[in-house]
Amino acid sequence: MAAEWSVLVLTCQRGGYVSAFQRELEARRLRGGLGPRPPPLLLAVEDPWARLGSGGATLNALLVAAEHLSARAGCTVVTSDVLREAHILILHTGRDFSFDDCGRAFTCLPVEEPGAAAEALVCNLDSLLGTMTHRLCVGSPPGVWVCSTDMLLTVPSAPGIDWDGFQGVRVIAVPGSQAYARNHGVYLTDEQGLVHDIIYKGTEAQIQQCAGPDSTVPLLSLFFDIVLCMARGVTEQDFVKGGGDTSVRNARSVLWTALHTFPLSMACIPNASYDYMTTSASDHIRSLTLLPSSASHLCFCKTAHSHVDQPCLLEDGSSVTNCLLEGAVRLAAGSVIQHCHLQGPLEIGPGCLLSGLAVGSSPALQNFPLHDVVLQGHHVRLRDLPCRVFTLTGRLDDWQSPAEGATYLNMPWAEFFHRTGIREGDLWDAETPQRSRCLLSARLFPVLHAHEALGLEDVLWLLAPVAGKWLARWRAAWRMSWQELLPCLDKAAELGARQALFFLQGQCKVRRVLLERQDSSLLPLARSAVHEGYHEAVLGTLDEVASTAGDAGIAARALACIAEVLGCMARGEGGLRSGPAANRKWASAFGRLESGDIAGGVRELAAERQKWMSRPALLVRAARHYEGAEQILIRQAVMSSCQFVTVGQAELPPLGHWVQVVCPARLDLSGGWSDTPPITYEHGGAVVDVAVLVDGCWPIGARVRRISELELRLVSLGGTPRSEVVAELVCRELEHLQDYCQPHAPGALLKAAFICTQVVQFPSQKPLRAQLMESFGGGFEVHTWSKLPHGSGLGTSSILAGAVMASLYRAAGKAASTESLIHAVLHLEQRLTTGGGWQDQVGGLVPGIKIGRSKAQLPLRVEVEEIQVPDGFTQTLNNHLLLVYTGKTRLARNLLQDVVRNWYARLPSTVQNADALVSNAEECAQAFRQGNLPLIGKCLDCYWQQKKCMAPGCEPLAVGRMMDILRPYVYGQCLAGAGGGGFLYILTRAPRQKEALHQILAKTEGLGNFSIHSVEVDTGGFSVKVVGCDTEDGACPKEDVAV
């Protein structure tokens, strides 16, 4: 569950940066950072005057929210009626922060969110939004929530706040120590949980009154003035008098009248905490280097959104966020680097905070050892003049302590003056009182110089002063104090610089992930690049990787990533991603890829891409063509398996004599999808298959004979060799074969088989008739048949391809082993452009129960292990295994495109599922070795869940209903193949349940045209026989067969 906000308001100080903060809110909406249902209204609201407190900022924000809601409701004046059902969240950015130019709200945390839809830096604002939306405010009634952003808040996932019957105002407190409370506020409540008083910086006795049984006290975090008037123990006189001058007392009087009657209750959340972001550098560094408590929804990491060349040089207890660290950059424990681009060799000692340093700062840093310092680069705007200013302070320094007893760079001011030659008069005017002479007001930091460009050296020299030159240069520069710099900080420029660095390190991530073949998803980064306008930079990096990697597998994934970027740019418009990729304008680039010129092909693709960027429909079509280009490279990778196809010589059968091959179907029992390119050679695959007879017969077959006519006669029969002709095609010219790579073209599979077996050379200068006459003295006639319906899920097309190739090899006087046929079918399906893996032909061409495996490498080689089962277990399996035809059919092609797209995107769920598929296959194989039917059934059920994860939507409603009905009667069940329809195979608890289950399903309405079929394990394997000129039905295993 999540709170659904009507309005989200972010308040900010006066200073002209409300537009930058509004853009930040809108960016979070675009990338999904505001939840599945983002607020209709996002408002960055500037305080109406300087130094406005949180109470005044809240009232102003509420007024602005009411105005916008009134306008949306069609009102012509502001009305409070629009607030009655509204859920409003007001977040206060608060005062300036010494360690982040954009304030505490936009302080970046060392966090990565791998499950986020779009990759982005995680700020304290994002953490608070997540806590408020998904934890703290869940179930609360309409109203206004107000939250400070000056703390790191940790709340348990179930805070346990009871909202039943709630009315009035509620404050949320967290438990804290009494020692901490002495410098903060605490709530004093009565037995009913109503607030009696608020004690701010109270005495030990006052704080003790507020303690609970565990001695902790409920800490106040925000909103002292407004909340105090609702406390039961506070009188009007005490409240109004506490206001100071007349105007404040008048305002407090109005507040009392308006609010004091509201009941004020408190909810103190056990195990919650907040870490106030103080002006202490030690506290800030500690908060970024220590892991948050177990109650937090965040997980801190040493390196977040950063590219680090040598991560081994980062000590445990250090933190790097949004950085690009090139070369040897050593970082000690207890140090933090944020928003920096640095080049080594560098050594950063303990206790340091570095922020906002560009790559040009690196040479200066090499000359100064750093430890216990805060070094920051700032974007400053002096009226219309933008410039960079660097500040340097010590970790132990206090900004506001008078210089007499304070430190600078962790040493007494007197020692600093002595070491550097700097005098008090250089830093403070003569009329500045001693009590006001502090680090905050010291004009230490050079901003402009009349003759020279300033750089990091102009503050670093303060660490190790060199006599003469640097002191004179420092004195000649126009310098400002931190107090004077604060109003000049350019928050918009700082946010822009962070974003630019984020995508620069993101481009490094793209190279690293692709070249090192990492299983990290680049899709969230692609989405962010599109949202933030950095898509061209990312596209350029992907082009570079694809063209220079020198590896077809890496290049294919890079092209797939380009397709994702283009799809993101279409923003859900422009049509379906899956579709044709045959526009002639892309043909030249495709041709280069087909010829092996990857670099040239990528360059031509990029040039053509520029013409297709103007509107969503063109972007989607460009994405389709990039996926088409990716498929070319996948084909080339898979066709490396051709080296495992060995073809020998055999006796050429007489003219007119048929070579007939009949094959079993296959059931994939676990591991399917892991055999699919590119998963199979990038991840590695394992699939358990069983070859089966359906209703006692081999359901798939092919026969080939040589004929005297110089032509290729391609015939498709019905379900058996003696069935009527369904389709016939005659090819007399080579051009009749040119559509072999279009799966839906008539006879495409048979044409591809002639080409892949090299019975016909294509392309060739030699005409088809001449080839046939010269090599074989005639043409060929091919018949194919299958008793299985289209889209059965039993591997029909791949097994049929194996049958055709086996018979074609033999009819042409050649011989190929089963291993060669398995790899030859892989080759054929790539040439046919249907893709597909190797499990179908393994299942149908290798007898019995087996597990096929492929390693995560090229060339792709499939190795098959026949699983040895206990004596008698095969018959037991036959008695418990049934096929149920669901009456639904579905082609796997669109499913395949989606799976390959998700794999190339390395969606975490897809990568984890690929791991699970392989491990489940090994468990299933072991269950067969043990002869354990219940365990096999468990593997089947697990496999079906994995299929649904890999290809969502593969379970039609009717099939799901059928499986629910069958569940009490089976150990396990699964749709065969890719799913979506076809056959359901079930492992029954009791033997021989065909009739009983038929009766059960027949009584259920809405299941459609189902049927139940017996299956038995085929232990003999596919058969090849040469018969005479007359054909006979060879689909039944009871006949005598020559193998």
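Modeller: Let's start with a term: buried means under 20% relative accessible area, exposed over 50%, and partly exposed in between, with a 1.4 Å probe and protein chains only. This is a predicted model, where local features need pLDDT of at least 70, side-chain atom pairs count only at pLDDT 80 or more, and totals for chains, interfaces and linings use all residues. Residues are numbered from 1 along each chain as its sequence is written, and side-chain values use heavy atoms, leaving out hydrogens and water.

Biologist: Thanks! Is C340 buried or exposed?

Modeller: C340 counts as buried, because its relative accessibility is 0%. C642, at 28%, counts as partly exposed.

Biologist: How many disulfides are there?

Modeller: A disulfide is a pair of cysteine sulfur atoms within 2.5 Å. By this rule there are 0 disulfides. For C340, the nearest cysteine sulfur belongs to C323, 4.9 Å away. The sulfur of C642 has its closest cysteine sulfur in C756, at 7.6 Å, too far for a bond.

Biologist: And how do I read a sheet?

Modeller: Strands of a sheet pair through backbone hydrogen bonds, either parallel or antiparallel. Here strands are DSSP runs (E, at least two residues), numbered from the N terminus, and two of them pair if DSSP finds at least two bridges between them. One open sheet has 6 strands in the order 12-14-17-20-21-22, with mixed pairing.

Biologist: Which strands are at the edges?

Modeller: Strand 12 (303-304) and strand 22 (385-394), each pairing on one side only. Strand 21 (residues 373-382) pairs with strand 22 in the antiparallel sense over 10 bridges, and L382 stands opposite L385 in strand 22.

Key:
Helix = DSSP H or I, 4+ residues; strand = E, 2+ residues; numbered from the N terminus.
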